[in-house]
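User: Hi! Could you walk me through a few packing details of this one?
Analyst: Happy to, let's have a look together.

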Amino acid sequence: MATSSTVSFTLVADTWRSSLQFNEGRLQLAGGIPQFTLSASDKTWDEVLKPNPAPGMQSIVHLTRTGSITLTGAAVEFDRHIHLVRAVVEALRGRTAEAFAPRRQLRARGEYHRVESTVGTADIHVERCGTGRPIVALATAGSSSTQWHGLMTESDITDHFELITVDLPWHGSSSPTFGSATGDWNLTPESYSRFIVDATRSIGLRAPILLGASMAGAAVIHAVATYPEDFSGAVAAQAGPRVRNRATPQLRATDIDQSLFVPEWTYGLMNPESPAEFRKRVWWGYSSGGHGLYAADINSYQQWDIDSVADLLGHDSPHIALLSGRYDTTVTPEASQALAKSILNSSFCEMPELGHFPHAENPARFADYLESAVERVLAHRP
């Protein structure tokens, strides 16, 4: 990631400072005049640089946004080179990636369905793996169904259920919506719910369980609330009553490489102790998205508000099982628990060792929580 990068920056604590310079991708410990400086107390840096930092202390992006680390100098250069700052921090943590070999072969079967919906008509990419009761899985904002491959290869979930992943139009291997211009992608909670219904009907599914995280976590709740006859219930991870803190102008900036900025914007939401192989895959998935796609999805996500559908979710509604990773700084377990309290037929479980991408950053561990959540959905069917 450092190839061809040239930048100087300084890390400053109470009792030490370190100046670094990347020159055409080569790191030098003694830099020139820093283009930006990151300053924090010894206590803050000590926690950040631990191999296993406390939840909330793992993300440079989060800490600079909240003021725990002060950014001075050229902010745009920081935005352009967050990947290098993060790489330096990870190196100082001293963790080494463990050797990785997939537990199972990936045996997903790909197919396309032409789906007509309120978001437009598109050829939608679907992958299916396993046998049994169908679980329809949707990815986080701006990403694709490849996020679910780890669950297919590192767990036994597909021995008991058929995991069916669906890409939105413009996402992953799905086509753009026919007749629309590049950059016209627009989504609302209502149109997302309608798309889920139209896609599952096109695939020929009857009352599947819905599964989603982050934006998709909110979407599956909205879908169950507005189309309860179409679904057996839902598992929603990393969803809160509402979201208001995920937008920033940099997500659409043309003077910043979005293939570097967007994945770094999200990377720090994971637990640094989650397997490096899967954190890398989450990063790469966000690096592969189209320009402005993540920003458009976030605009939709920030329209989500449980108050808009709370009156539709009664005791007889399909069960919604909420899961929440402790390392998520955008939707905390407290927020997810508050959401669960506002949904009558719901349950809540915290995942202390996981973050904002629990299904993708540590799929083997997430599978344990998922199986219990699905059991609750099936046990509480009206």
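User: Which strands does helix α4 lie across?
Analyst: Helix α4 (residues 82-93) lies across β1, β2 (17-23) and β4, running at about 45° to β1. Helices (H or I, at least four residues) and strands (E, at least two) are DSSP runs numbered from the N terminus. This is a predicted model, where local features need pLDDT of at least 70, side-chain atom pairs count only at pLDDT 80 or more, and totals for chains, interfaces and linings use all residues. Residues are numbered from 1 along each chain as its sequence is written, and side-chain values use heavy atoms, with hydrogens and water left out.

User: Cool. What order do the strands of the open sheet take?
Analyst: The order is β3-β2-β1-β4-β5, 5 strands with mixed pairing. Two strands pair if DSSP finds at least two bridges between them. At the edges, β3 (26-28) and β5 (70-73) each pair on one side only.

User: And how many bridges join β1 to β4?
Analyst: 4 bridges join β1 (residues 7-12) to β4 (residues 36-39), and these strands run parallel. Threonine 10 stands opposite threonine 37 in β4.

User: Switching topic: is arginine 246 buried or exposed?
Analyst: Arginine 246 has 7% relative accessibility, so it counts as buried (under 20% relative accessible area; exposed is over 50%, partly exposed in between, with a 1.4 Å probe and protein chains only).

User: Where does arginine 246 lie, then?
Analyst: Arginine 246 is in the loop between β11 (233-237) and α8. Not counting residues up to four places away in sequence, arginine 246 touches several residues, including Arg65, Trp265 and Tyr294; contact means heavy atoms within 4.5 Å.

Conventions. Axes fitted to C-alpha atoms, helices over the stretch in contact; angles between N-to-C directions.
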